[in-house]
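Please open the model in your viewer and keep the selection panel at hand, as the tour below goes from one selection to the next.

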Amino acid sequence: MTRFKIEHDFLLDGQPFKILSGAIHYFRIHPSDWEHSLYNLKALGFNTVETIVPWNIHEPHEGQFDFSGGHDLAAFLRTAQRLGLYAIVRPSPYICGEWEFGGTPAWLLNKPMRIRSNDPAYLRQVNAYYDQLMPQLAPLQLDQGGNILMFQIENEYGSYSEDKAYLRALKQMMTSHGLTQPFFTSDGPWQAALRAGSLIDDDVLATGNFGSHAADNMIALQTFLRQHGKDWPLMCMEFWTGWFNRWHEPIVRRDTAEFASEVSGVLQRGSLNLYMFHGGTNFGFMNGASARGQRDLPQITSYDYDAPLNEQGNPTAKYTALQQVVKSVLPNVKQLPPRVKPAMAVTAIPLAGKVSLFNVLPQLAQRQSSQYPQTMEALGQNTGYLLYVTDLPNDSATQRLRLIDVSDRAQVFINQQLIETQEPAAIGNDITIPLPRPTNQLAILVENMGRVQYGHKFLAASQHKGIRTGVMADLHFVLNWQHYPLPLENLDQLDFSQGWSPHQPAFYQYRFNCAAPQDTFADLSGFGKGCMFVNGVNLGRFWLVGPTLSLYIAHGFLKAGENEIIIFETEGQYQPTLTLRKTPLYLPESEKRP
């Protein structure tokens with residue numbers, strides 16, 4: 001049985017072992033592409049794959065667990081093992097990862113607890129999750145014939161808090177659930193973050209996360225280890241190959257030559273894990289958001305990350321540069337040519353049906369009533385949209401309306417006519433509404449654009465989505481609301497014969513036949529804002545503000561024969577035909593939208 005230990009070096013069966021790892025997130029890639037990406041990692045000469053584990057996809061609702069299909073972590077790890085790759089697994093209850101709420105289930109917000117702390121109520125929920133997760137992992141440990149080398153206790157905790165009792169509780173919990181391989185923490189490589197986030201005095205390996213200044217950061221990490229009497233190997237657990245992207249902002253790119261030089265600097269001093277090696281896609285509504293001052297800035301659907309493999313999983317210029325760096329620093333490493341997947345284009349896919357949201361609410365949502373408007377979480381909803389409906393009398397021909405404490409984006413309709421859209425920065429501003437009838441229907445469609453995954457706002461009230469306080473007409477709060485939760489998890493009952501009206505949120509159906517499906521990109525430049533479903537699966541959000549104007553469709557989401565694409569669009573913008581491209585489409589810098 002192969003053994004892995006941490007002494008002066010990483011040791012594999014007693015021999016020094018340099019970890020060459022790349023991050024591939026099983027949940028961001030269609031399962032049919034796992035082998036493709038893992039093969040390209042192995043072909044580079046790397047020996048290990050790393051993945052984080054998002055709690056919220058495995059327990060989307062309390063007590064309901066999912067480890068099937070694209071969430072089958074064990075199957076992903078077994079695929080890696082068949083290809084000769086070891087694994088580093090990060091099963092901490094918080095992952096960051098530019099993922100919705102840092103991987104933490106939104107339903108925890110309903111409970112009286114402090115998340116990411118030693119609060120017994122929170123730890124009980126983590127333990128119940130681990131009761132289901134750890135049996136997936138324990139049999140795949142290296143000392144049990146699997147391929148898992150190490151486990152992370154928590155992620156960048158030194159950038160959030162310094163609750164050592166919490167970290168020790170997680171370690172004990174993992175141990176009690178049968179994890180026997182070494183543990184580690186990963187933090188920024190500076191003194192304050194390492195001190196707050198590590199468990200070095202409990203003999204837990206401390207690693208660093210950074211993407212540049214390799215020499216300085218490795219020295220800083222080594223200094224911290226030596227201050228605590230540890231002669232351990234140095235490892236950059238997240239070497240950032242590029243960066244993530246947000247709506248309204250240009251695509252972030254990293255210079256390939258500079259990247260290669262910094263990788264070389266890390267490899268000459270220790271081990272590394274590339275974050276990301278293959279970024280993939282933030283499927284559905286699972287993108288996270290950054291916290292900047294008073295604003296939350298949601299990430300885009302593509303998690304391309306400017307990584308060595310692009311969103312499709314094909315090698316980029318960075319892959320070629322990495323081949324050269326690895327061969328230069330480690331000339332005995334075996335390398336193979338990478339695999340490249342083809343892509344297809346399909347033009348002029350005709351519109352097959354369209355229907356307005358207001359006409360299909362009974363098919364999509366179970367109406368719930370209350371005196372005051374409720375948040376998504378209070379209604380048992382995690383992500384998506386929430387439509388609030390009430391009646392307003394015409395006390396006057398026009399009236400002032402204000403949305404008080406709403407996240408994230410709201411569209412206000414009077415008698416199903418759009419009056420105003422408020423982005424987060426404008427929420428609470430006065431809205432002048434017409435009231436032409438004795439009784440007028442007020443409808444407010446609120447979109448959860450993604451909860452923050454990192455920083456000081458992780459537990460802020462803004463992570464409760466929807467209308468938190470209320471809606472004021474004139475100077476009083478409006479009562480008696482109907483709620484239509486729209487997580488859009490199943491569109492099977494959608495009836496396109498129910499009628500369509502312009503300038504309303506609506507669903508648009510496109511059908512096309514395909515003999516041999518290949519990867520492709522849906523051109524959404526003629527649509528405003530919304531999300532796209534391919535054969536019933538929500539592949540993510542689009543928005544005309546850019547920087548991306550297309551959505552990636554992996555071949556595994558398509559089938560030989562007839563395929564259905566449904567686009568939910570909220571701005572009243574659509575196209576009579578849909579085009580699928582071989583390459584992604586970006587908003588030109590000269591056309592950057594405010």
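Select Arg253 together with Tyr586 in this predicted model: the charged end of Arg253 sits over the ring of Tyr586, 5.6 Å from the ring centre. A second arrangement of this kind involves Arg116, whose charged end lies over the ring of Tyr160 at 4.3 Å from its centre. Keep Tyr160 selected and add its partners, since ring pairs link Tyr160 into a cluster that includes Trp55, Tyr94, Phe101, Trp107 and Phe458.

Aromatic pairs number 36 in the structure. Go next to Phe17 and Tyr86, an edge-to-face pair with 5.6 Å from centre to centre and 85° between the planes; Phe17 is in the loop between strand E3 (15-16) and strand E4 (20-24), while Tyr86 belongs to strand E6, and the two are 69 residues apart. Then select Phe210 and Phe239, which are also edge-to-face, at 6.5 Å centre to centre and 85° between the planes. Phe210 lies in strand E9 and Phe239 in strand E10, so this pair ties together parts 29 residues apart in sequence. Phe210 is buried at 3% relative accessibility, and Phe239 is buried at 0%.

Now turn to the largest pocket, which holds about 870 Å³ of space. Among its 35 lining residues, Ile57, His71, Phe283, Gly284 and Met286 are the closest to the centre, and the lining divides into 18 nonpolar, 13 polar and four charged residues. Helix H2 (55-58) and strand E28 (537-543) each supply at least two residues of this lining.

Finally, select residues 505-563, which an unreviewed UniProt entry lists as "domain: Beta-galactosidase galactose-binding"; the span is 0% helix and 56% strand, with its end C-alpha atoms 23 Å apart.

Definitions and conventions: Residues are numbered from 1 along each chain as its sequence is written. This is a predicted model: local features need pLDDT of at least 70, side-chain atom pairs count only at pLDDT 80 or more; totals for chains, interfaces and linings use all residues. Side-chain values use heavy atoms; hydrogens and water are left out. UniProt positions are given in the numbering used here, feature names are shortened, and annotations may be inferred rather than shown by experiment. Helices (H or I, at least four residues) and strands (E, at least two) are DSSP runs, numbered from the N terminus. On a 1 Å grid over the protein atoms alone, a cavity is a set of points where a 1.4 Å probe fits but cannot get out, and a pocket is an open set with protein on both sides within 12 Å along at least five of seven lines; lining residues have an atom within 4 Å of a point. Grid points are joined across faces, edges and corners, and a volume is the space filled by probe spheres set on the points. Ala, Val, Leu, Ile, Met, Phe, Trp, Tyr, Cys and Pro count as nonpolar, Asp, Glu, Lys and Arg as charged, and the others, Gly among them, as polar. Rings of Phe, Tyr and Trp (its six-membered ring) pair if their centres lie within 6.5 Å; planes under 30 degrees apart count as stacked, over 60 as edge-to-face and the rest as tilted. Buried means under 20% relative accessible area, exposed over 50%, partly exposed in between (1.4 Å probe, protein chains only). A charge sits over a ring if NZ of Lys or CZ of Arg is within 6 Å of the ring centre and within 35 degrees of the ring normal.
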